Structures are given as structure tokens and as C-alpha cells.
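Colleague: I would like to learn how to read a model like this one. Could you walk me through it?

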Amino acid sequence: MDKYELITPCHFGLEAVLKKEISGLGYEITHVEDGKITFAGDALAICRANIFLRTTERVLLKTGSFKAETFDELFEKTKAIPWEEFIPPDGKFWITKATSVKSKLFSPSDIQSIMKKAIVERLKSKYNISWFKEDGASFPVRVTIMKDNVTAGLDTSGESLHKRGYRKAVVKAPITETLAAALIMLTPWNKDRILVDPFCGSGTFPIEAALIGANIAPGINRSFTAEEWTHIIPKKEWYNAINEANDLIIQNLDMDIQGYDINNNAIKAAMENAGNAGVSNLIHFQRRALSQLSHRKKYGFIITNPPYGKRLDVPEDEIPYLYKELGQVYRNLDEWSMYLITAYGQAEKYIGKKADKNRKIYNGMVKTYFYQYFGKKPPKRQQP
């Protein structure tokens, strides 16, 4: 069976989470770099990675890598890649995105144009045809150039994997599903512990937690570009991966996951999205102000994405009071942990306590911080 190198990009600062996920699926990590993990796998690995991985944005099938400092080099070395092993004569192919960082070749449009021509020339010589109909399956190519090192890969996913398919209703400034899942997985939370998001918005944190707790694969209800690549991935491999995902779902589960928001439209959106994800029975959503957050049980978790100027149209002078109130609410909870992602630099000051740990994470182009306040662990249950 053919072996491939598969490239999985992720948020900067969350590589360790994705690495753990890939290892958990049983695959060998071959390279780790900022915002990207590469691993070795077969055709089934492409299916399983798309369906099971919670924290990557997409899965790329690496076609080649080389160094290029001129456009002539870029053309010739792109042409040298065996594209005929991946793209059939009727395949529709294009350079969907080119990214260049600290490289002599820096024009995305020129990179895209030259590489497309090079692929055409390669396939013309291999298939002995001068014109391509491109009316078959789609083969989008993604290219990154880092310090003159070019890496090309076919996008097996299509739409970004953060689009699980459940979030039909969206409120302003939602956190992405992949980032929410990664942040939850950075915490010690598990399905037996309470989880509350007091700024739940469209419900992403509670929904992703419910999917994790019930072991529901994030890609189980969506489609992928590579499903049409039957010469590379037999249909049975997709069926095998889906059957595996269905078999692993934990049925008849009882979890205490709660999502609150002051905005009634947000609560409606969250409830609709939870229904689409098939986890509405595992989450309690309610319109509730932050000041009303309380819980009689110990050892719970607050995991949330509070407003911060850039994220929502919250008046600048109200933000300190909001974080001060969050700190007060947290102190009134018995032995709880709190995890929040925010770009607000004064968060710790107004919460009234320095975080036990602080992690820098880039949410798109915005530098944010994941403040982690550790509560006590619950006592271990005595074995009978």
C-alpha cells in the first residue's frame, strides 16, 4: 500500500495538541514546525485524519518540496514533481493558495501562475495531450514558501476542517471549532467534570466539549474533496473510517455542560447548533448574566472566550468591570479551574489574580493569551 507524507496545519502555539492527536491515531510524526505537523500514512490515514482530527485546519497530501530562489527554478522544479501520480487526465487542478514568508519569491499571484503552467507542461508530456478539459475530480494545490524552501501539497479536505457542518447559526465574532477543541484539550477537563462557558455565543466551546466527551468524530457528518480521488483512495477506505467513528461514539452519556450568554439571540443560535451537532441532550443553554453564575458542586471548569474590544463592540470602559466581575464569580466557586482566551492585556489585573500558567496563541493575526487558573483535583474514588 502506498505511503504518503501528510501535512496538517494548526494554530500557532497549539502544535503539541495536534501532535498528540496524530500519535493517538497511531501514525508516525515525521516533522514538527510552527503551525504545522507532518506525518506518514496510507490512503486510510487520509480518511481517518480528516474525520477524526479535531485541531487541524486541513489535511494536505504532500507532492513535493524543493528550494527555489528564481521563477525559472520554481517552474523547472515544480515540473519535476510526478504530478501524474496524483492528477488524472480529466482532473481539475489549480493553485488555490500560495504563501511566501522570508523568501525571494514573494508574489502569490506569480507563484500560482508559474506553478500551474509547470504542472500543465508536466501532464502534457506524460499524457500526450495538449489540452485538458478539467471536468473531473478537483485537485486544489496549496503551496508554502518558507525561506526559499517550497512545499506543495494537494488539499484533501476542501473546506477548512473547522467547518464541522453544525454551525449554521452564527453570532458575531465566534471562536473557530478547531481552536475551541484545542483549548479544551489543553485542559484536564474530562466528561465526568462540570464545564461552564458564561460567554457561550453560538455555543462552540460547549458543543466541542460534548463532541469530545461523547467521542464523536468532528468530521463524521461532512464531505471532503479527496472522496472523489478513487484512484488514490478506494471508496471502501472512507466507509471503513466512518464505521470506525460510529463504533467509537459513547452512547447514553450523562454530562454536565452549560452555556450561558446575556444575548438571547446567541442562546437561540447555540441551541440550534447543538441540535445540528447531535449533542443538544448533553448541554444546558440558558440566557443568564455573568453575575448569576454559581454552582453548588466542586471541581468544575470555566472555559470561555470573554469579550475584548477587538472581538466585540464592547465599550472600552466596560471591559475592566467585566473581567473584575469574572474574577469575583470565579472566587465564589468552590475549587474550580478557569481557562480563558483573550487579547485583553489587563485581564489578570482586573480578574484580581495572576494566572497559574499563560500561553501565547495566535487567533488568525491577533495575538491572544490563554490564561489558566488551576483548581484542585477531585479526590480519587476509593476502589471497592
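**Strands, helices and a loop**

Modeller: Let's start with strand 8 (residues 195-197) and strand 9 (residues 257-261), which run parallel and are joined by three bridges. Helices (H or I, at least four residues) and strands (E, at least two) are DSSP runs, numbered from the N terminus, and two strands pair if DSSP finds at least two bridges between them. This is a predicted model, where local features need pLDDT of at least 70 and side-chain atom pairs count only at pLDDT 80 or more, while totals for chains, interfaces and linings use all residues. Residues are numbered from 1 along each chain as its sequence is written, and side-chain values use heavy atoms, with hydrogens and water left out.

Colleague: Which residue stands opposite I257 in strand 9?

Modeller: That is L195. On strand 10 (residues 283-287), strand 9 pairs in the parallel sense over five bridges, and D261 has R287 as its bridge partner there.

Colleague: Is strand 9 buried or exposed?

Modeller: Buried means under 20% relative accessible area, exposed over 50%, and partly exposed in between (1.4 Å probe, protein chains only). Five of the five residues of strand 9 are buried, so strand 9 is largely enclosed by the rest of the structure. I257, G259 and D261 point one way, and Q258 and Y260 the other way.

Colleague: How do I read the crossing of helix 2 and helix 7?

Modeller: Axes are lines fitted to C-alpha atoms, for helices over the stretch in contact, and angles run from 0 to 180 degrees between N-to-C directions. Under 35 degrees counts as roughly parallel, over 145 as roughly antiparallel, 65 to 115 as roughly perpendicular and the rest as oblique. The axes of helix 2 (residues 43-52) and helix 7 (residues 235-248) come within 9 Å and cross at roughly 40°, and the two helices are therefore oblique to each other. Contact means heavy atoms within 4.5 Å; among the residues making it are L44 and F52 of helix 2 and W238 and L248 of helix 7.

Colleague: And where is E84 found?

Modeller: E84 is in the loop between helix 3 (71-79) and strand 5 (92-101). With 23% relative accessibility, E84 counts as partly exposed. Leaving aside neighbours within four places in sequence, E84 is in contact with R122, L123, K126 and Y127. The C-alpha atoms of E84 and Y369 are separated by 45 Å, and these residues lie 285 residues apart along the chain.
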